[in-house]
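Colleague: Please take one part of this model and go through it closely. Begin with the chain as a whole, then say what surrounds the part you choose and how it is joined to the rest.

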Amino acid sequence: MKMKKLTALLLASLMAVSMAACGDTPASGDGTGSSDASGSSSESSSDASGSSEESGSDASDSSEESGTGASDGSEESGTDAADGSEETSGSDGSSDASGQAEGFTTAVEGKLTMATNAAFPPYEYVEGGQVAGIDAEIADAIADKLGLELQIDDMEFDSITEALKGGKADIGLAGMTITPDRQEEVDFTVSYTTGVQVIIVTEDSDITSADDLLAEGANHTVGVQRNTTGDIYTTKDIEDAGLGTIDRYSKGAEAVQALKTGKVDCVVIDNEPAKAFVAEVEGLKILDTEYITEEYAAAMSKDNPALYEAVNNALMELIADGTVQSIIDKYITAE
């Protein structure tokens, strides 16, 4: 029994020695190296992972920053582009031109309403039920330039200014002369022609010139169309000076008939209608001397500056390209 115990103890000792010897073998060293390598690998892997995470984070941050910058740039670029587009359209684009074309209003939408007194040939008169003449054709040319249709309202001469001021008409064309008094009530465009006030008398009249009407002690009755410059000038020069009486008529033709029937001694009126009246009524003539020279223009409301600018510009263009003169030449021939 003791031998068995001794043998077992001896075997256990040999096994212990054998195991100790195994711990000193190179394989054991390699195992240690392998553990270190594993630790290094683990550290390396950890470092690589950290580096990768850091790199990934940096890349992500960079990407996010780049993306934000691109987004901001895109938004800024888009805003600038939009602003640029609006600026171009607002300043030089078609929308500005459209705004300019629609920047004025008229008495009747889509129409240019002309107020006149159609009893002043060749500037305005009725022919075939329609108003014709120089002023009518000029107004039609202006309306065409503005893309409007011309509408003509025939009325008493002294109602024209009120129609303009009340917004019932857009433009007054009736052989109207620019005067200081009228300029207080309406605006005038550029002058489109020159008018001359002349004196109509009977062929046997003792009146031979304007001087006879203005001479000291003179006492004539002068016929005029109400509120025309013939009325304005003779009222100041003759009636207010106590040199005669002024009889006023709503139409020039009525004043001429009054001369023919002996109700007045003479008529002061524009040269062009004067020639037409004398050609129609026998026994009358036009004196060689002029009473006064004046400028004709279109009258417009002071309350519609946009329309005034559009009409005035159109008229200036028509004068510059010869259209106005060609219209006048159709009715008035050089003598």
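**Strand β8 and its surroundings**

Modeller: The protein chain exposes about 18,500 Å², of which carbon and sulfur atoms supply 49%. The model is a predicted one. Its protein chain holds 12 helices and 14 strands, and 36% of the 335 residues count as buried. Among contacts with a separation of 6 or more, 74% are between residues 24 or more positions apart.

The part I choose is β8, residues 193-202. Eight of the 10 residues in β8 are buried, so the strand is mostly covered when buried is taken as under 20% relative accessible area.

Its pairing comes next. With β13 (residues 292-296), β8 forms five bridges in the antiparallel sense; Q197 has I292 of β13 opposite it. With β11, β8 has four bridges, also antiparallel, and there V198 is the bridge partner of I269. A further three bridges connect β8 to β12 (residues 284-286), again antiparallel, with T202 opposite L284.

On the side of β13, E295 gives a view of the contact with β8. E295 lies in β13, and T194 falls within the span of β8, residues 193-202. Along the chain E295 and T194 are 101 residues apart, yet their C-alpha atoms are separated by 4.6 Å. Their side chains make a polar contact at 3.4 Å. Beyond its neighbours within four places in sequence, E295 touches T193 and T194 as well as M176, T177, I178 and S191. E295 has 36% relative accessibility; that lies between the limits of 20% and 50%, so it counts as partly exposed.

Then the cores. In soluble globular proteins, nonpolar side chains tend to be buried together. Here the largest nonpolar core has 45 residues, and I138, I142, L146, I171, I200 and V311 have the most contacts inside it. β8 is one of the elements that give two or more residues to this core, along with β1 (111-116), α4 (134-145), α9 (252-260), β11 (266-270), α10 (271-280), α11 (305-320) and α12 (323-331). β11 thus appears twice in this account, as a contributor to the core and as a strand paired with β8. L146, another of the residues with the most contacts in the core, touches F104, A310, V311 and A314, leaving aside residues up to four places away in sequence.

There is also a second, separate core of 15 residues, which includes V201, V222, I238 and Y291. V201 falls within residues 193-202, the span of β8, while I200, in that same span, is among the residues with the most contacts in the largest core.

Away from β8, two backbone features deserve a look. Most residues other than glycine have a negative phi, and most peptide bonds are trans. N227 has a phi near 70 degrees, a positive value in a residue other than glycine. N227 sits in the loop between β9 (220-225) and α8 (229-239), and at 35% relative accessibility it counts as partly exposed. The other feature is a cis peptide bond between P121 and P122, with omega about 5 degrees. P122 is placed in the loop between β2 (119-120) and β3 (124-127).

Technical notes: Residues are numbered from 1 along each chain as its sequence is written. This is a predicted model: local features need pLDDT of at least 70, side-chain atom pairs count only at pLDDT 80 or more; totals for chains, interfaces and linings use all residues. Side-chain values use heavy atoms; hydrogens and water are left out. Buried means under 20% relative accessible area, exposed over 50%, partly exposed in between (1.4 Å probe, protein chains only). Contact means heavy atoms within 4.5 Å. Accessible areas come from the Shrake-Rupley method with a 1.4 Å probe; for residues, only the protein chains shown count as cover. A nonpolar core is a set of buried Ala, Val, Leu, Ile, Met, Phe, Trp, Tyr and Cys residues joined through side-chain atoms within 4.5 Å. Two strands pair if DSSP finds at least two bridges between them. A polar contact is a pair of N or O atoms within 3.5 Å; within protein, one must be able to donate a hydrogen and the other to accept it, and residues adjacent in sequence count only if both atoms are side-chain atoms.
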